[in-house]
Amino acid sequence: VALCVELGDEISVETNTRVRALEYLIQQKGLAGVVETVPTFRSLLVYYDPGQVGYDALCAALAGLVEQADTAVLPPARLVELPCCYDPEMGLDLAAAAERLHMTTDELVRLHSGAEYLVYFVGFTPGLPYMAGVPERIQLPRLTTPRVKVPPGSAGLGGKQFCIYSVESPGGYWLLGRTPVRLYDPEAAEPTLLRAGDRVRMRPIDRAEYDVIAARVAERTYAPVIA
Amino acid sequence: VIRILDPGAQSTVQDLGRSGHLREGIPPSGPVDARAFVIANRLVGNCDDCAGLECTVLGPRFGVERVCAIAVTGAEVPVTVNHAAAPQWATLVLKPGDTVRIGAARQGVRVYVAFSGGIDVPRVLGSRATYLRGRLGGLEGRALRRGDTLRLAPHVGPRRPRRLAGAEIPPLESEPEIRVVLGPQADRFTRAGLDAFLSSPYVMLPQSDRMGARLTGATVTHTKGHDIISDGIALGSIQVPGDGQPIVMLVDRQSTGGYTKVATVGSFDIGRIGQVKPGQRLRFRAVAVAEAHRLRREFEQSLAQAAGGGVSR
């Protein structure tokens with residue numbers, strides 16, 4: 001049993017911050033009857049147990065928290081640094097994207113890896129982050145024909161959003177590179193790496209370093225830098 | 001120990017599912033027809049959340065290597081123990097060397113098999129349920145294969161074998177009426193589209209799985225496009241993509257999605273949808289939120305009493 005709290009109808013950091021603030025307030029107050037919550041760009045899905053809280057009572061409690069969401073202070077965000085190989089065999093669309101943007105691939109890599117991204121939310125497939133913060137100069141409409149299979153770890157650009165595919169899946173984003181870090185590992189104690197609200201930076205690495213890190217990831221001796 | 005001689009079409013280890021991980025993109029999993037699953041556990045003296053099997057359409061064949069009790073519920077299937085017919089919705093007491101065969105469903109889709117003690121696989125994120133697409137939980141995150149062995153947890157103590165009376169067995173209907181609460185994007189559909197959704201039958205498609213029940217029937221017409229900015233997807237959310245054909249999201253659903261949602265199936269009717277065979281029809285009926293909550297309470301009360309009541313964990 002769930003209800004959806006809509007805090008806007010746009011993709012923006014402001015709206016998403018209110019969504020995450022509402023989720024944080026629900027956790028802080030330990031709102032009775034709430035079982036779990038799912039944040040997205042602009043809404044919070046609230047799963048609840050109607051045996052513990054009625055629909056009307058929950059709506060009233062949530063309305064009160066929505067008012068506080070504008071001024072709530074969220075805990076400091078984690079900064080996660082992910083190594084990313086921008087070689088052509090990993091960044092399948094890097095050259096085409098650079099051409100479309102009238103810049104060199106080096107410049108595209110510099111702009112992409114120079115930015116700091118905000119995880120709006122994690123979802124669709126396990127551990128997949130939808131992120132804000134794509135510099136205006138490198139924004140591109142999505143691919144006209146989505147790929148049937150995108151390898152996990154692929155760093156993709158689509159419009160104002162940046163995502164990293166967590167499992168092999170279809171996808172319509174421009175693939176600029178690939179991280180050897182697993183965003184979803186079903187055998188790990190914590191299978192997913194990123195959380196809504198995390199900050200993310202991509203650190204360019206060459207193919208040799210990619211292979212070294214990938215081997216350590218496979219041995220489970222690699223941990224990304226989290227500040 | 002249970003030895004899998006033939007896994008059937010798709011058999012997975014399930015308990016009542018994991019909660020709290022949808023915000024990381026990990027769905028609850030668990031049985032689609034939770035009532036049939038819980039009754040099976042009760043018939044062998046287990047707690048409601050003990051791990052058992054969910055088998056789709058064609059059941060497994062397995063051998064038992066210790067004294068145990070099993071119960072087979074859900075879809076209507078032929079069950080044999082050492083080639084002799086055995087009843088469903090009943091406690092079956094087995095001895096080492098017995099072989100059980102669960103055949104093809106005559107009615108319904110999902111069969112549940114509970115074993116006394118429950119299947120002992122490690123808990124992952126608090127649950128033994130299998131999430132196939134995420135290769136998580138259950139037996140190595142996958143469906144059963146020939147040659148697999150399943151350990152059973154020690155059993156607390158035998159209970160009197162029982163067999164449910166006909167009236168206690170949830171019926172498998174030929175054209176179930178599924179109750180829904182309209183929204184959250186019902187306003188994104190035309191009046192004619194909503195009328196069609198609530199008045200015409202829909203046919204279950206064979207592509208349906210634990211992620212979603214795909215239906216075909218009258219087009220649920222959108223007013224202005226089928227995309228929204230992604231929201232979380234609740235159990236029973238009915239997404240309508242551009243083709244106007246509804247998809248009911250089930251236990252292995254993606255956590256978020258960007259299609260308009262015309263309505264949500266009440267949690268009490270999820271199991272009934274899960275037993276509708278490909279090619280079979282169903283209908284939707286709208287109820288108000290208060291009515292849906294009343295139906296849920298009724299469902300929970302009847303479940304609390306089913307098969308002589310539950311055993312606390």
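This is a short dialogue on how to read a predicted model of two chains, A and B.

Biologist: What should I know before I start?

Modeller: This is a predicted model, where local features need pLDDT of at least 70, side-chain atom pairs count only at pLDDT 80 or more, and totals for chains, interfaces and linings use all residues. Residues are numbered from 1 along each chain as its sequence is written, chains are lettered from A and ligands numbered from 1 in the order in which they are written, and side-chain values use heavy atoms, with hydrogens and water left out.

Biologist: How do I read a sheet?

Modeller: Start with the general idea. Strands of a sheet pair through backbone hydrogen bonds, either parallel or antiparallel. Helices (H or I, at least four residues) and strands (E, at least two) are DSSP runs, numbered from the N terminus. Two strands pair if DSSP finds at least two bridges between them. Now the case. Chain A has an open sheet of three strands in the order 1-3-2, with antiparallel pairing. Strand 1 (2–6) and strand 2 (34–39) of chain A are the edge strands, and each pairs on one side only.

Biologist: Which residue is the bridge partner of Thr37(A) in strand 3 of chain A?

Modeller: The partner is Val46(A). Strand 2 and strand 3 (residues 43–48) of chain A are joined by five bridges, in the antiparallel sense.

Biologist: How does strand 4 of chain A pair with strand 12 and with strand 13 of chain A, parallel or antiparallel?

Modeller: Each pairing has its own sense. Strand 4 runs parallel to strand 12 (residues 199–205) of chain A, with seven bridges between them. There, Pro83(A) has Arg203(A) as its bridge partner. With strand 13 (residues 225–226) of chain A, strand 4 pairs in the antiparallel sense over two bridges. Glu81(A) stands opposite Val225(A) in that strand.

Biologist: How many residues of strand 4 of chain A are buried?

Modeller: First the cut-offs. Buried means under 20% relative accessible area, exposed over 50%, and partly exposed in between (1.4 Å probe, protein chains only). Strand 4 (residues 79–85) of chain A is mostly covered, with five of its seven residues buried.

Biologist: How do I read a salt bridge?

Modeller: Look for a side-chain nitrogen of Lys or Arg within 4 Å of a carboxyl oxygen of Asp or Glu. The whole structure has 43 salt bridges over all chains. One of them joins the side chains of Arg78(A) and Asp198(A), at 2.8 Å from N to O. Arg78(A) lies in the loop between helix 2 (55–69) and strand 4 of chain A, and Asp198(A) in the loop between strand 11 (174–178) and strand 12 of chain A, so the pair ties together parts that are 120 residues apart in sequence.

Biologist: Are Arg78(A) and Asp198(A) buried or partly exposed?

Modeller: Arg78(A) is partly exposed, at 29% relative accessible area. Asp198(A) is buried, at 4%.

Biologist: Where can I find salt bridges in chain B?

Modeller: Try Arg285(B) and Glu177(B), whose side chains meet at 2.9 Å, N to O. Arg285(B) is in strand 19 (residues 281–286) and Glu177(B) in strand 12 (residues 177–182) of chain B, 108 residues apart. Arg285(B) is partly exposed at 35%, and Glu177(B) is partly exposed at 37%. Another salt bridge joins Arg210(B) and Asp252(B), at 3.2 Å from N to O. Here Arg210(B) is buried, and so is Asp252(B).

Biologist: How do I read a single residue, say Ser200(B)?

Modeller: Ask about place, cover and neighbours. Ser200(B) is in the loop between helix 2 (191–199) and strand 13 (202–204) of chain B. Ser200(B) counts as buried because its relative accessibility is 16%. Contact means heavy atoms within 4.5 Å. Not counting residues up to four places away in sequence, Ser200(B) touches Ala218(B) and Arg283(B).

Biologist: And the interface?

Modeller: Buried area is the accessible area (1.4 Å probe) that two parts lose on being put together, summed over both. Chain A and chain B bury about 2700 Å², and carbon and sulfur atoms give 58% of that. Glu36(A), Phe124(A) and Pro186(A) supply 19% of the area that chain A buries against chain B, more than any other three residues. The contact takes 36 residues from chain A and 31 residues from chain B.

Biologist: How many salt bridges cross the interface of chain A and chain B?

Modeller: Two. Glu23(A) forms a salt bridge with Arg23(B), with the closest N and O atoms 2.7 Å apart.
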